[in-house]
Amino acid sequence: WLARLASIRQEAPNPRYIKAFYSSLCDGITTDPALATIPIDDHMLHRGHAVFDTCTLANGRLYRLQTHLDRLLRSAAGAKIALPFPREQIQNAILSTAAASGLQEGSVRYWLAAGPGDFSFVPDGCITPAFYCAVFQGGVLEHTLGQKPQGVRDVTVRDVPLKPAALGSIKTNNYLLNCLTAMRARELGGTFGILVDEHGFIAESCVLNASFVLLDAEGSKRLVTPTFEHALNGTTVRQVLAMAERLISEGVVSGVEQRNISEEEARSAVEVFLTGGDTHVYAITHWDDTAVGSGNVGPVACKVLAVLENEAYYGTSEHLDVPYEQVTTV
């Protein structure tokens with residue numbers, strides 16, 4: 001059985017990209033990707049009853065783990081998922097899994113699930129809630145440290161519905177609509193897809209928050225990002241909002257704000273970029289085949305990415321050292 005699972009993984013571009021996996025059901029860590037499995041009757045799989053979050057492993061430190069854990073626990077409360085053990089133990093499991101991976105840089109993803117026990121639609125028969133953590137090489141959204149943001153062409157996706165507002169504040173692992181948005185965008189010649197709500201306001205992208213650089217009456221640049229009414233409460237875009245004073249003092253923009261922005265206003269932007277994953281910025285150079293600004297990656301996107309990367313890799317604001325010397329696996 002395990003040999004067959006391992007054989008299947010050999011077909012992947014990087015068969016061993018998962019470097020360590022923790023399961024609360026075993027209370028142990030494995031470094032064998034073939035053992036990084038979840039029971040088929042975990043409600044995470046057959047009902048989507050689970051939440052997740054991801055933090056960045058940079059220079060041997062976990063970046064913004066506390067911020068991401070805050071959101072994970074809020075999501076779990078919203079999804080009515082009990083914790084298998086206290087927050088401190090969850091944090092320790094994440095740190096230990098990162099240590100077991102041996103990676104200095106990578107991505108750390110973790111889930112809280114209703115747990116295994118049956119195929120019902122309510123968790124009454126679940127044996128125990130579960131916590132899982134995987135540490136893997138690279139990120140889902142690839143980028144080379146120190147380079148300017150990747151420029152992409154993108155499109156408006158109008159035939160995939162938005163997530164209901166109730167799920168906007170819960171980072172559920174049910175990403176079907178997100179996947180369909182990205183797939184439809186690529187069918188239309190785009191990359192991630194830009195979503196517009198029923199009132200004509202910009203919502204978000206498939207897995208990223210959108211930001212727009214607009215010119216005011218005096219020709220000064222203002223950075224505007226939509227509210228979270230129809231978008232996930234993104235930790236990266238919140239970090240961008242938090243750097244407002246720096247962006248203004250350095251003359252990058254004259255102001256930073258979060259508000260509703262209509263599609264019509266958004267299309268007047270001289271820069272449009274998407275943020276997510278702590279350090280990922282994608283500049284939209286063409287939107288629905290129309291150039292955004294000059295049609296090139298703009299200076300605001302470049303500055304935002306540089307600040308995000310510098311803080312993640314070299315900053316001191318919210319970092320936890322990974323205890324590589326305390327590695328224990330099963």
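A salt bridge is a side-chain nitrogen of Lys or Arg within 4 Å of a carboxyl oxygen of Asp or Glu. By that criterion, a search of the whole structure, which is a predicted model, finds 13 salt bridges.

## Overall architecture

The secondary structure of the protein chain consists of 10 helices and 16 strands. Its radius of gyration is 20 Å, close to the 20 Å that the globule rule gives for 330 residues, so the chain is as compact as a globular protein of that length. The C-alpha trace spans about 65 × 40 × 40 Å along its principal axes.

Of the 330 residues, 52% count as buried. Contacts between residues with a separation of 6 or more are made up, to 72%, of pairs that stand 24 or more positions apart. The accessible surface of the protein chain amounts to about 15,200 Å², and carbon and sulfur atoms contribute 53% of that area.

The protein chain carries 26 positive and 36 negative charges, and the mean positions of these two sets are 3 Å apart.

## Salt bridges

Side chains of opposite charge can pair when their charged atoms come close. Three of the pairs in this model are listed below with their N to O distances.

| Salt bridge | N to O distance |
|---|---|
| R222 and E257 | 3.3 Å |
| E250 and R246 | 3.0 Å |
| E250 and K303 | 2.8 Å |

The side chains of R222 and E257 meet in a salt bridge. R222 belongs to strand β11 (residues 221-225) and E257 to strand β12 (residues 255-258), so this pair ties together parts that are 35 residues apart in sequence. R222 has a relative accessible area of 27% and is therefore partly exposed; E257, with 25%, is partly exposed as well.

E250 takes part in a salt bridge with R246 and in another with K303. E250 lies in the loop between α8 (244-249) and β12, whereas K303 lies in helix α10 (residues 299-314), so the pair of E250 and K303 ties together parts that are 53 residues apart in sequence. The relative accessible area of E250 is 41%, which makes this residue partly exposed. R246 is likewise partly exposed, at 39%, and K303 counts as partly exposed at 24% relative accessibility.

Beyond these pairs, salt bridges that share partners join R158, E263, R267 and D288 into one network.

## Residues with positive phi

Most residues other than glycine have a negative phi, and most peptide bonds are trans. Against that background, D288, a member of the network just described, has a phi near 50 degrees, a positive value in a residue other than glycine. D288 is located in the loop between β14 (280-287) and β15 (290-291), and its relative accessible area of 28% places it in the partly exposed class.

N59 also has a positive phi, near 55 degrees, and is a residue other than glycine. The position of N59 is in the loop between β3 (50-58) and β4 (61-63). With a relative accessible area of 34%, N59 is partly exposed.

## Two further positions: S24 and D70

S24 sits in the loop between β1 (18-23) and β2 (28-30). Buried means under 20% relative accessible area, and S24, at 17% relative accessibility, therefore counts as buried. When residues up to four places away in sequence are left out, S24 touches F85, P129, A130 and F131.

D70 is part of helix α3 (residues 65-78). At 33% relative accessibility, D70 counts as partly exposed. D70 and H49 are 21 residues apart along the chain, and their C-alpha atoms are separated by 19 Å.

Methods:
Residues are numbered from 1 along each chain as its sequence is written. This is a predicted model: local features need pLDDT of at least 70, side-chain atom pairs count only at pLDDT 80 or more; totals for chains, interfaces and linings use all residues. Side-chain values use heavy atoms; hydrogens and water are left out. Helices (H or I, at least four residues) and strands (E, at least two) are DSSP runs, numbered from the N terminus. Buried means under 20% relative accessible area, exposed over 50%, partly exposed in between (1.4 Å probe, protein chains only). Contact means heavy atoms within 4.5 Å. The radius of gyration is taken over C-alpha atoms; the globule rule is 2.2 Å times the number of residues to the power 0.38. Accessible areas come from the Shrake-Rupley method with a 1.4 Å probe; for residues, only the protein chains shown count as cover. Lys and Arg count as positive and Asp and Glu as negative; His and the chain ends are not counted. The place of a charge is taken as NZ of Lys, CZ of Arg, CG of Asp or CD of Glu.
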